[in-house]
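The exercises that follow are meant to be worked through with the sequence and the structure side by side. Each one sets a task and then gives a solution that goes step by step.

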Amino acid sequence: MVSPSTEISPETAAPAEAPADLPPPQARPRSRSLAHGLVDDLSGRIRSQVLRPGDKLPTESAIMQTYGVSRTVVREALSKLQAAGLVETRHGIGTFVLAARPGGIFRLDPADMGNSIDAIAVLELRISLETEAAGLASNRRGERDLADMRDALSAFAAAVAAGTDTVEPDFRFHLAIARATGNRYFADILDHLGATIIPRTRITATRIPREDQSNYLQRVNREHDEIFEAIARGDAESARAAMRVHLTNSRERLLRARAAAQAAQVAQQAAPDSSPGGN
């Protein structure tokens with residue numbers, strides 16, 4: 001739990017080293033800017049150790065009241081913090097600060113930059129498409145649909161435990177949700193795109209360090225569980241939110257990998273030639 005000395009209050013909402021007042025309610029910018037402000041504030045507190053690994057963040061409602069923002073803004077901000085590896089949401093318990101990890105989870109070869117741009121574009125399409133599909137599926141799914149989703153999740157978990165390929169059950173889970181909408185066009189689009197919608201199939205040069213691979217895939221499966229549980233209980237709003245968080249996390253991880261690859265490429269080009277014939 002966050003101790004009283006680290007709880008977020010209106011008086012201490014901005015980090016000491018970079019104070020930033022949120023716009024007044026009557027002149028607020030669009031929610032994306034508010035979400036970025038919230039991300040900046042919370043990530044600053046985490047990196048400065050005001051919020052330490054293991055601390056539990058305040059509830060969504062408490063953050064909404066403290067910062068004067070909507071639930072949508074809070075959820076977008078939390079999804080970005082999750083994607084950055086700063087926090088982890090545990091269903092039914094809360095959101096907790098994670099210990100910092102050196103480097104990033106994804107490593108992307110600069111030679112594969114074109115594919116990363118394509119994968120990001122596909123993820124943007126999926127965020128729009130599958131967020132609504134999850135909401136519709138929560139209201140229309142049958143027992144057979146739920147069984148298909150459970151089978152895919154079980155296969156994913158078994159593949160993680162065995163260290164085998166998780167792409168097929170990952171795609172199968174998303175396709176089962178599309179079919180559960182009862183609208184064949186959702187499934188037709190995913191069928192047309194095929195398993196290449198899963199980013200790690202499109203970025204052949206993306207590497208996850210061996211020591212982080214299991215943790216990464218377990219996190220993905222927890223995100224899947226959040227989606228499934230919302231659909232199973234018929235909660236359309238939560239199903240949409242869980243799907244958006246899941247796909248936004250994938251996009252943010254890939255964006256960070258691309259930025260790191262770009263920086264590495266620039267550094268390599270700027271470095272003096274160290275070959276035997278170099279100056």
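A helix, as the word is used here, is a DSSP run of type H or I with at least four residues, and helices are numbered from the N terminus. The model to which this is applied is a predicted one.

**Exercise 1. Describe the protein as a whole, beginning with the elements of its secondary structure.**

Step 1. The secondary structure comes to ten helices and two strands.

Step 2. Read from the N terminus on, these elements follow the order α-α-α-β-β-α-α-α-α-α-α-α.

Step 3. Turning to burial, 44% of the 279 residues of the protein count as buried, while the area that the protein exposes is about 14400 Å², with carbon and sulfur atoms supplying 52% of it.

Step 4. If one takes the contacts between residues at least 6 apart in sequence, 77% of them join residues at least 24 apart.

**Exercise 2. Work out how helix H6 and helix H7 are placed against each other, and which residues make the contact.**

Step 1. Helix H6 covers residues 167-180 and helix H7 covers residues 184-193, and the two pack with their axes 7 Å apart at an angle of about 155°.

Step 2. Because angles over 145 degrees count as roughly antiparallel, H6 is roughly antiparallel to H7.

Step 3. The crossing in which H6 passes H7 is left-handed.

Step 4. On the side of H6 the contact is made by Phe171, His174, Leu175, Ala178 and Arg179, and on the side of H7 by Phe186, Ala187, Leu190 and Asp191.

Step 5. Sorted by kind, the residues of this contact between H6 and H7 are six nonpolar, one polar and two charged.

**Exercise 3. Decide whether Ala187 is buried or exposed, and find its partners.**

Step 1. Ala187 belongs to helix H7.

Step 2. Since buried means under 20% relative accessible area, Ala187 counts as buried at 8% relative accessibility.

Step 3. When neighbours within four places in sequence are left aside, Ala187 is in contact with Leu175, Ala178 and Arg179, each of which is listed for H6 in the contact of H6 with H7.

Step 4. Ala187 and Ala133 are 54 residues apart along the chain, and their C-alpha atoms are separated by 9.4 Å.

**Exercise 4. Repeat the analysis of Exercise 2 for helix H5 and H6.**

Step 1. Helix H5 takes in residues 143-162, and its axis runs 8 Å from that of H6, at an angle of about 165°.

Step 2. H5 and H6 are therefore roughly antiparallel to each other, and their crossing is left-handed.

Step 3. H5 contributes Asp145, Asp148, Met149, Asp151, Ala152, Leu153, Ala155 and Phe156 to the contact, and H6 contributes Pro169, Asp170, Arg172, Phe173, Ala176, Ile177 and Ala180.

Step 4. The residues of this contact of H5 with H6 divide into ten nonpolar, no polar and five charged.

Step 5. For one of these residues in detail, take Ala176, which lies in helix H6 and is buried, with a relative accessible area of 6%.

Step 6. Not counting residues up to four places away in sequence, Ala176 touches Asp148 and Met149, both of which are named for H5 in the contact with H6.

Step 7. The C-alpha atoms of Ala176 and Asp151, which are 25 residues apart along the chain, are separated by 10.0 Å.

**Exercise 5. Find where Arg251 and Gln49 are placed, and what can be said of their exposure.**

Step 1. Arg251 has its place in helix H10, which spans residues 236-270, and at 17% relative accessibility Arg251 counts as buried.

Step 2. From C-alpha to C-alpha, Arg251 is 9.7 Å from Lys80 in space, although the two are 171 residues apart in sequence.

Step 3. Gln49 is found in the loop between helix H1 (31-47) and helix H2 (60-67), and with a relative accessible area of 36% Gln49 is partly exposed.

Step 4. The backbone of Gln49 has a phi near 70°, which is a positive value in a residue other than glycine.

Key:
Residues are numbered from 1 along each chain as its sequence is written. This is a predicted model: local features need pLDDT of at least 70, side-chain atom pairs count only at pLDDT 80 or more; totals for chains, interfaces and linings use all residues. Side-chain values use heavy atoms; hydrogens and water are left out. Buried means under 20% relative accessible area, exposed over 50%, partly exposed in between (1.4 Å probe, protein chains only). Contact means heavy atoms within 4.5 Å. Accessible areas come from the Shrake-Rupley method with a 1.4 Å probe; for residues, only the protein chains shown count as cover. Axes are lines fitted to C-alpha atoms, for helices over the stretch in contact, and angles run from 0 to 180 degrees between N-to-C directions. Angles under 35 degrees count as roughly parallel, over 145 as roughly antiparallel, 65 to 115 as roughly perpendicular and the rest as oblique. A crossing is left-handed if the near helix is turned anticlockwise from the far one by less than a right angle, and right-handed if clockwise. Ala, Val, Leu, Ile, Met, Phe, Trp, Tyr, Cys and Pro count as nonpolar, Asp, Glu, Lys and Arg as charged, and the others, Gly among them, as polar.
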